[in-house]
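Please open the model in your viewer and keep the sequence beside it, since this tour moves from one selection to the next and says what is found at each stop.

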Amino acid sequence: MDFCVDPELCRQCIEAANGPEQLLTKLNGRVVMADEDGCAVGEMIVGPENLNPWGTVHGGALATFADTVAGLSAVVCTGQACVTFDSHLNFMRAAEEGTIVCRSRPEHIGRTFCVIHIAVEDQEGNLLVSGDINYCPVGPIPDLA
């Protein structure tokens with residue numbers, strides 16, 4: 001898909017998403033890049049603080065990770081602040097300690113809603129989570145500086 005993505009907006013959004021007070025940062029995650037097609041990639045280093053009592057990554061941590069990476073795609077593709085209004089995530093396999101990667105890809109960017117597809121994989125390339133997260137553009141992006 002072709003989207004008009006502003007490289008400076010990408011840079012500012014990545015910097016904001018990786019801020020020290022952001023939830024993704026506190027989960028040992030970070031957004032590492034976004035491209036001109038609105039696709040974004042993030043990585044999360046899974047440690048004991050991300051695990052549930054059974055020793056696998058908590059589903060909420062995976063959902064937060066996916067939502068943050070997909071949200072970046074929605075914002076850079078629309079040029080607006082966006083809020084999540086629906087998500088459909090399929091948890092395919094348990095994740096353990098190590099590095100996991102989330103890739104987002106815009107499926108639909110419209111005036112009133114956006115659909116962003118996500119895939120989360122472990123360091124061996126095993127698919128952990130896949131799904132779609134839907135966003136609503138809500139207006140101007142607050143100052144990112």
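Begin by selecting Ile118 together with Gly131, its bridge partner in β6. In this predicted model, the pair belongs to a longer ladder, in which 8 bridges join β5 to strand β6, residues 127–139, and the two strands run antiparallel. Strands of a sheet pair through backbone hydrogen bonds, either parallel or antiparallel, and it may help to display the backbone while following the next few stops.

Stay on β5, residues 114–121, and turn to its pairing with β4, to which it is joined antiparallel by 8 bridges. Select Cys102 here, and Val120 of β5 will be found standing opposite. If you then follow the chain from β4 into β5, you trace a hairpin, with 4 residues between the two strands.

Next, select β2, residues 40–46, which runs antiparallel to β4, residues 98–109, and is joined to that strand by 7 bridges. One pair to pick out is Val41 with Arg103, its bridge partner in β4.

Now show all the strands at once. In what order do the 6 strands form the open sheet? The order is β1-β2-β4-β5-β6-β3, with antiparallel pairing. β1 (29–34) and β3 (81–91) each have a single partner strand and stand at the edges, so one side of each is left without a neighbour in the sheet. Looking across the sheet, you can follow a twist that averages 25° from one strand to the next.

Add helix α3 to the view, and you will see that α3 packs on the sheet, touching β1, β2, β3, β4, β5 and β6, while its direction makes about 40° with that of β4.

Keep α3 (residues 59–78) displayed and add helix α1 (residues 7–17), which packs with α3 at an angle of about 150°, the two axes being 10 Å apart. Because angles over 145 degrees count as roughly antiparallel, α1 and α3 are described as roughly antiparallel to each other. Their crossing is right-handed. To see the contact itself, select Leu9, Cys10, Cys13 and Ile14 on α1, and then Leu72, Val75 and Val76 on α3. By class, this contact has 7 nonpolar residues, with no polar and no charged ones.

The remaining stops are single residues. Return to strand β2 and select Gly42. Is Gly42 buried or exposed? At 0% relative accessibility, Gly42 counts as buried. Leaving aside residues up to four places away in sequence, Gly42 touches Arg30, Val31, Val32, Phe65, Val69, Ile100, Val101 and Cys102. You can also draw a line between the C-alpha atoms of Gly42 and Ala70, which are separated by 9.4 Å although their positions lie 28 residues apart along the chain.

Move on to Asn134, which is found in strand β6. Asn134 is buried, with a relative accessible area of 11%. Which residues does Asn134 touch, not counting those up to four places away in sequence? They are Val83, Thr84, Phe85, Asp86, Cys114 and Val115.

Finish away from the strands with Asn52, which lies in the loop between β2 and α3. Because buried means under 20% relative accessible area, Asn52 counts as buried at 18%. When residues up to four places away in sequence are not counted, Asn52 touches Val57 and His58.

Terms used:
Residues are numbered from 1 along each chain as its sequence is written. This is a predicted model: local features need pLDDT of at least 70, side-chain atom pairs count only at pLDDT 80 or more; totals for chains, interfaces and linings use all residues. Side-chain values use heavy atoms; hydrogens and water are left out. Two strands pair if DSSP finds at least two bridges between them. Axes are lines fitted to C-alpha atoms, for helices over the stretch in contact, and angles run from 0 to 180 degrees between N-to-C directions. Angles under 35 degrees count as roughly parallel, over 145 as roughly antiparallel, 65 to 115 as roughly perpendicular and the rest as oblique. A crossing is left-handed if the near helix is turned anticlockwise from the far one by less than a right angle, and right-handed if clockwise. Contact means heavy atoms within 4.5 Å. Ala, Val, Leu, Ile, Met, Phe, Trp, Tyr, Cys and Pro count as nonpolar, Asp, Glu, Lys and Arg as charged, and the others, Gly among them, as polar. Buried means under 20% relative accessible area, exposed over 50%, partly exposed in between (1.4 Å probe, protein chains only).
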